[in-house]
Every structure is written in structure tokens, then in C-alpha cells.
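Please follow the model below from the contact between its chains, through the overall build of one chain, to a handful of individual residues.

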Protein chains: 2
Amino acid sequence: MRHLYHYWFSPFSRKIRIAMLEKEMEFELELELPWKRRHEFLVLNPAGTVPILIEEDGSTICGNVALTEYLDEAYDQFPLLGKTPSEKAEVRRLTEWFDDKFNTEVTELVISEKVMKRYLKMGETEAAAIRFANQNIKHHLQYISYLTDRRNWLAGDDFSYADIAAAAHISCVDFFGDVPWDHYPEARDWYARIKSRPSMQKILKDNIAGFIPSKHYSNPDF
Amino acid sequence: MRHLYHYWFSPFSRKIRIAMLEKEMEFELELELPWKRRHEFLVLNPAGTVPILIEEDGSTICGNVALTEYLDEAYDQFPLLGKTPSEKAEVRRLTEWFDDKFNTEVTELVISEKVMKRYLKMGETEAAAIRFANQNIKHHLQYISYLTDRRNWLAGDDFSYADIAAAAHISCVDFFGDVPWDHYPEARDWYARIKSRPSMQKILKDNIAGFIPSKHYSNPDF
């Protein structure tokens, strides 16, 4: 059986899980706490990051970009990258937007304050960091509204990695109720459509020991 | 004519320039100072990052991953990503290693202290940040030594994006003489082979107004 090493609040793990579910791939989840730097884990991926995919033949695929591209190359059912080079460029541009820009400006701040500090017993959540994230997320929700006002999905006609990456990051933040949906109805509509997909429902129904999600977290009708 | 917006000390710009030179693509360089957030530049790429490629038909490709993948898809002469899915996964894993991990642990620290602070008149270089980068780079040089001891190039038999990404980042740091080559002879041999390539020679011969490179910077015999 295929194995995927993941961590609940790793947006990159969420992205790859959603993609694998969309592609109807079978796999078993293995929980990994990357900050523990377990020896066998670092042998699999010296960069010390999740997710890591172990294929049935034992081959190991790791690295966010490598795994994202690999899935679409090796499993061409339900393609997530687009068809033409320019469609792919747009999907990848937006995927990177969320994996890089949104991650730095929002996800990392929220997760390091609300999750990592608890695990590592590093004291109280810093209000300034959360205020900063709350301010930053507005620009991203505005951008999602702008894009979905003009397109069916974020990168064009088809559901793609761009939507998956955005939803993976946003869901980590929405877990704590830190997304001001009321002011961004187009972004909310887009997220409601993603929430109602079986792949996303599965992620949103995760039971994460020690953490309780916001009320509307898994509800597509919010 | 094709145009590439770049900045001298952007390792991502260097990576794409080297790749385009390896593929013998013709293009004109346009210097962009991203921190000035020029309006026309932000219209091309709302993320505000270089490099940006404008193709002859006017299409715009931006985003580090998007551009990296696009070049190999659209210009298949001298492929840089490998052939099989697992070869590609290894090239991408190592490309990301340098573009992400090395960038955070080394390049960004050196460039923000030695370049950005001068441009933005933010005061003196902080010795602690440079010491931190100098400490971090050792692990990366060790990793390069480990890999090239076992392989012809970083990701396997062939010269690939992994070598290009590594050389792009290292060259930004080596500009300031911050690479302890003496202790890593295998890494030095690998870098000497890259330095002697016409693509890399072109990059290393850039005249960058206001900055003087370390003595050995462009010399393949160092």
C-alpha cells in the first residue's frame, strides 16, 4: 500500500492529500511531527518537511513542488495542472502564490502562533502576529474574489492545483475562525464549492487531538 | 524579441537566465528593482517578484516554479528536468532544496544585509546575520560534496535545474566572498565545472553598478 507522511496543520500535506483524493488514489496516512526530527524521517527526506509519499515499489517522493508535479505526471486521471503551457503557467503561478506568498503572510503566522507554540510550550499567542495575518488575509480574499468574478475556478475554466493550494492554506486558517468571510462573498462562494467536494470534506472531518475547529469549519453552508 | 525582467542579486533571475542560455534562447534583459514596486511591473506580476518572461507573442510567464517548468515544456532543446517521473522528482526536490531551504538559510540573509540595506539605506550590515549564514552554508556545501561524490551532477548523470539552482544561489553569496571553498574540495570541483560553462560565465561577467565582486568570483580556476 502507498503511504503518505503528513501533518494536520501542514498546508502542503493538505494540498497533496486533496490532490490524491481527487485522483482517487488509495493511500494510508502516517502522522509525522516534523519538528521532532525523527531519524527515519530525516533519512526519507533530509529537508525534514512533510508531505512525503512512499510508493508501493518503495520509491520516495518529497518536496512540495516535486510531489505536486509528480502526481500529475504519474497519475493522469483528473489532471490538475491544465493542458497547454500557458494554462499550466497560470495554474503554477497561482499555486506558488498560495504556497509561498499566502504561506509567509498568513498561514505560517497563524500556525506558528496557534499550533507550534502550544506543541513546543513557547508561551502565549502573540496578538501582533495574528493581527498582522488578519490584515494580510484581506488582500488575498480580495484577489480570490477578483479571480472568481472573472473565471469559473481560480486559474481558469477547470478546478486545478491553484484551487487546491488556496483551499489547503485557507482551511488551516479557517480552522481557528480567522477568515473574515462576511466581507468577501465571492471568495466565500468559491470556498463553499470546494468545501462540498468529497476530497475536501474528508480533510475537514479530520479529528485533530487537542484542537477544536471553529463552528463552521467543515460546513459547506456557512 | 523576448524580454526577461530580472535583478542582479535575485537568485531566481539568475537561475532562469542560466537555463535560457543553456537552451540557447535569445532574449533581452530588462533590469527591474522589485522593491520600487513600479506600477507596470505589478501589472505584469501582482506578486511583485522577478524574473518575468515576456514572450514574443506578448504572453507573460512569472513565478519561480511556473517559469522553471515552462522553459522545459516549451523549449525542449537541452532538457533540464530529467526524463522519467522519478528522475524529475529528484531534480525538483533538489531545486526546491536550494530555492527554498538554501535561500532562507543563506542567500536571503546575505543579500538582505549586503545589498538591500545599502539600497534602502537601512544602516550597517548586521554581523550576527552574516555569521548565521556562514554557519548554515557549511551544511549545504557538505551536502553538495556528498551528492557529487556519488553522482556526476547533483541530481544524477545529467546537468539539470538542480545544479543551476544551486549555482544561482551560491554565486550570489560568492560575489561577496562568503563561501568557505577551502574546506569543501568536492563542492569546489563541482562549482568549477559549472563556472566554466558559457551560460554561467555570462552571468559571472555582469557589471553590477556600485558593487565589486570578490577576486575569484568569475574565475573557474579558484
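In this predicted model, the accessible area that chain A and chain B bury between them comes to about 1900 Å², and 66% of that area is on carbon and sulfur atoms. Within the part that chain A buries against chain B, A:Glu73, A:Arg92 and A:Glu96 supply 26%, which is more than any other three residues. Counted by residues, the interface brings 20 residues of chain A into contact with 20 residues of chain B.

Turning from the interface to the build of a single chain, one finds eight helices and four strands in chain A. Their order along the sequence is β-α-β-α-β-β-α-α-α-α-α-α, and it is useful to keep this pattern in mind when placing the residues discussed further on. The C-alpha trace of chain A spans about 50 × 50 × 25 Å along its principal axes. A compact globule of 222 residues would have a radius of gyration near 17 Å, and because chain A has 17 Å, its value agrees with that expectation.

The contacts and the surface add to this picture. Of the contacts in chain A that have a separation of 6 or more, 68% are made by residues 24 or more positions apart, while 56% of the 222 residues of chain A count as buried. The accessible surface of chain A comes to about 10000 Å², and carbon and sulfur atoms hold 51% of it. As for charge, chain A carries 28 positive and 35 negative side chains, the centres of the two sets lying 5 Å apart.

Where along the chain does A:Arg2 lie? The residue is found in the segment before strand E1, which covers residues 3-6 of chain A. Although its side chain is a charged one by type, A:Arg2 has a relative accessibility of 10% and therefore counts as buried, the limit being under 20%. Beyond its neighbours within four places in sequence, A:Arg2 is in contact with residues from several parts of the chain, among them A:Met20, A:Phe27, A:Glu28, A:Leu53, A:Glu55 and A:Tyr75. By contrast with these contacts, the C-alpha atoms of A:Arg2 and A:Leu94, 92 residues apart along the chain, are separated by 28 Å.

A second buried position is A:Phe41, which belongs to helix H2 (residues 39-44) of chain A. Its relative accessible area is 0%, so A:Phe41 is buried. Residues up to four places away in sequence being left out, A:Phe41 touches A:Glu32, A:Pro34, A:Gly48, A:Thr49, A:Val50 and A:Ile52. The C-alpha atoms of A:Phe41 and A:Thr125 are separated by 29 Å, with their places 84 residues apart along the chain.

One of the residues touched by A:Phe41, namely A:Val50, leads to a point of backbone geometry. Most peptide bonds are trans, and most residues other than glycine have a negative phi. A cis peptide bond, with omega about 0°, joins A:Val50 and A:Pro51, and A:Pro51 lies in the loop between H2 and strand E3 (52-54) of chain A. In chain B, a cis peptide bond with omega about 0° joins B:Val50 and B:Pro51, where B:Pro51 is placed in the loop between helix H2 (39-44) and strand E3 (52-54).

Positive phi values also deserve attention. A:Phe78, a residue other than glycine, has a positive phi near 50°, and it lies in the loop between helix H3 (64-74) and helix H4 (85-119) of chain A. With 35% relative accessibility, A:Phe78 counts as partly exposed. On chain B, the phi of B:Arg37 is positive and near 50°, and B:Arg37 lies in the loop between strand E2 (28-31) and H2.

The path ends further along chain A, at A:Asp174 in helix H6 (residues 161-174). Is A:Asp174 buried or exposed? At 0% relative accessibility, A:Asp174 counts as buried. Its contacts, apart from neighbours within four places in sequence, are with A:Val179, A:Trp181, A:Tyr191, A:Lys195, A:Ser214, A:His216 and A:Tyr217. A:Asp174 and A:Lys215 are 41 residues apart in sequence, and their C-alpha atoms are 9.8 Å apart in space.

Notes
Residues numbered from 1 in each chain as written. Chains lettered and ligands numbered in written order. Predicted model: local features only at pLDDT ≥ 70, side-chain atom pairs only at ≥ 80, totals over all residues. Heavy atoms only, no water. Helix = DSSP H or I, 4+ residues; strand = E, 2+ residues; numbered from the N terminus. Rg over C-alpha atoms; globule rule 2.2 N^0.38 Å. Buried < 20%, exposed > 50% of the residue type's maximum accessible area, 1.4 Å probe, protein only. Contact = heavy atoms within 4.5 Å. Areas by Shrake-Rupley, 256 points an atom, 1.4 Å probe, with all protein chains shown as cover. Charge placed at Lys NZ, Arg CZ, Asp CG, Glu CD. Buried area = accessible area lost by both parts, 1.4 Å probe.
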